[in-house]
Amino acid sequence: MLTKLGRLARISVRGVVQGVGFRPFIYRLAQDYDLKGWVRNTSGNVEIEVEGDEATVNRFLEDLEAKAPPMSRIENVEVALSSPKGYTEFQIGESLSREGQYQLVSPDIATCPDCKQEIFSSTDRRYGYAFTNCTNCGPRVTIIEDIPYDRPKTTMRSFKMCPRCQREYDDPLDRRFHAQPNACPECGPSLELVDSEGKPVEGKDVIKTASQLLKEGRILAVKGLGGFQLACDATSQAAVNSLRDRKRRLSKPLAVMMGTIEEIERHCLVSEAERKLLESPQAPIVLLSWKQGSDIARAIAPNLNYLGVMLPYTPLHHLLLKETALPLVMTSGNLSEEPIAKDNDEALRRLKGIADYFLLHNRDIYARYDDSVYMVEGGLPQALRRARGYAPYPIFLPFKSKPILACGAEDKNTFCLTRDEHAFLSQHIGDMENEETLEHFENTIGLYKKLFRVEPEIIAYDLHPEYLATKYALELGAKEGLKLIPVQHHHAHIVSCMVENNVKEPVIGVAFDGTGYGSDGTIWGGEFLLADWKGFRQVGHLEYVPLPGGAAAIKKPYRMALSYLYTLLGEDFSLEGLPLNGLKSAEAEIIKQQLRRKINSPLTSSAGRLFDAVSALIGVRGEIDYEAQAAIELEMLAADAVDKVEAYPFAIDEEGGIGVVKLGEVLGGVVQDFRSQTPAPIISLKFHHTMAEITAEMCQSIAKDTGIKQVALSGGVFQNRLLLKLTTAALKREGFSVLTHRLVPPNDGGVSLGQAVVANFNEEETVL
Ligand SMILES: [Zn+2]
Ligand SMILES: [Zn+2]
Ligand SMILES: [Zn+2]
């Protein structure tokens, strides 16, 4: 009898295989093939034993990979064969917790089509239910406190399933089999609408009442998946302005949620790749070309040609969007610069004075996650902010890493924990400039260490002594006696780009960004590096100019314009006929003094500052209220230029073996064009071309010395699509292969990944 059973296969599956309907899938597959045995979750993997004849077991193994559930990602399957044990049925076994083992945790998943249909179907028992989910969708990492992923380890533990939900949960053939957050109106979380004092608002149907308030132009704080969002009517200029006033966010663009793809197409141009991204289970915010004539309030993204748009990704969002039949602003529930609020009490406290009403619920959020932001460039998605839907899914490393904590930079901070071939790049943490964000950073490190069972032996950090992340790294390293490895900011940028492209051999790294601490103590940001995973050498940079007043020059680009003009074109340069002429002459004089006496005027080669200067110089923007605003508005302008243009002349001088890009003629050319009334869009386009040509020429000269024909582009300035497009084209024309970002942001959100990789290969960062 036993021999007839053939063989027993013991299978271990690793990857995202928990919380995504993997066990029910295995159960059904085993039923289909009439195989006996069991399947169970452990803290490291999913384990399966099946027995049957050899051919059937083989077919089972093939299907296991080929037909796996949509949200699962199989990383590795190991099979060991032995003699059968004589199982008589197939069972789903108890989960098993193993010391030190870990598994990948699923990000949150947007509402699936089946669940969406249920909440809009009046005969369904989940009709209108805001917490509907199944094994193919719903909250995951935002409610998980520990692994293995089972209900008692989530914030759903306080809800006891009703008999009907329990039946679904227990039925291996049901879509909700072992769906940990499974719930219904009878037994699950519920909504509550309160005013700004926390008092319940009258009304039978919360969604209807909330929607009515939105339609009246009120601002609502809505408890979403990874935190609170602030919502208002996106077509109401008044509502948007009042949200801006209260949030103290003057002009930084706000995201909009629209009910359907058809609605989005009414307001924006949507390419095939963009549509796919919008409709993906990750459902990020996608930057889309904003159509002329759209009735979305201009104040949502003043002076920009792009609109950040997303589709509803929870049942609550679907219900609100349907009921209001309006596009809604959906922006992070915070005051500028603070992390998003996640708990009811916290929101009522922190968002008081911003929101008129609060749409609350009683399912706790364990981990804060902002919405992710993507753009599509060259037909491919590129991350600009990696959070909900993506983290904590790891970036796969082409090597086995030591356990490392890389603390990242300052703005748009993320950290990175590595183990084996996994780089757990954290969700977007935020700008590390206050206690609240530092606390969020520390708590999230704690959670990742616990979920992925990582005890770092090495800490990597940025050279900038004033970054809070650097201070944190140094303190932690000293306290726990860990090895500390500093990594230069732009080297980290370039390595992050190399590693996601799986390139190990040395490249020419072009790092254009705002601020990064240079190895020589100056502020870098227009760098050409010879780089690999171990080390780098600076082989070229944009000419240094002073940053008059330090941070003040970043907030006031006109200061940068003056610095460039006086430094490169002479102290006697006349501002006659330039927008800068409007400056109070006293201020221009003070800046001149600062430059002359080198008071609080550190040197910088920053490409970001050069864009700022040109923007101010031609009157686009002299002062900013969000990061890179002057440069972004300069880029937007060029979209209106259709003419074919030449680049401005520039020179590359060799100084001590390093190529220095001389910018005097560029600035002179911009001034001359402006004075001869060349339209600003043309000047902007010419300037973008110039930066692309500078890059191509510098890379050619580096290639002549080194033979390297591969260029990696990184740094926040490469979020500029026009620059990215022109630079890529100019480099390809010269025969270079060009590496760009896809998975991790080109901005400082990607720095921690690069730091981790450099630290893995070094005792200390080496000079190539
Ligand atoms: Zn679902
Ligand atoms: Zn129920
Ligand atoms: Zn940077």
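**A serine contact and two zinc sites**

Let's start with a small detail: the side chains of Ser294 and His267 are joined by a polar contact of 2.9 Å (a pair of N or O atoms within 3.5 Å; within protein, one must be able to donate a hydrogen and the other to accept it, and residues adjacent in sequence count only if both atoms are side-chain atoms). Ser294 is buried, with a relative accessible area of 16%; buried means under 20%, exposed over 50% and partly exposed in between, with a 1.4 Å probe and protein chains only.

This is a predicted model, in which local features need pLDDT of at least 70 and side-chain atom pairs count only at pLDDT 80 or more, while totals for chains, interfaces and linings use all residues. Residues are numbered from 1 along each chain as its sequence is written, chains are lettered from A and ligands numbered from 1 in the order in which they are written, and side-chain values use heavy atoms, leaving out hydrogens and water.

Now to the metals. Cys112, Cys115, Cys134 and Cys137 coordinate the zinc ion (ligand 1) through their SG atoms at 2.3 Å. Donors here are N, O and S atoms within 2.8 Å of the metal (3.2 Å for Na, K and Ca); water is not among the atoms, so sites may look incomplete. Along the chain, the spacing of these donors is C-x2-C-x18-C-x2-C. Cys112 and Cys115 are both buried.

At the zinc ion (ligand 3), the donors are His489 (NE2), His493 (NE2), Asp513 (OD) and Asp748 (OD), at 2.0 to 2.2 Å. Their spacing reads H-x3-H-x19-D-x234-D. His493 and Asp513 are buried as well.
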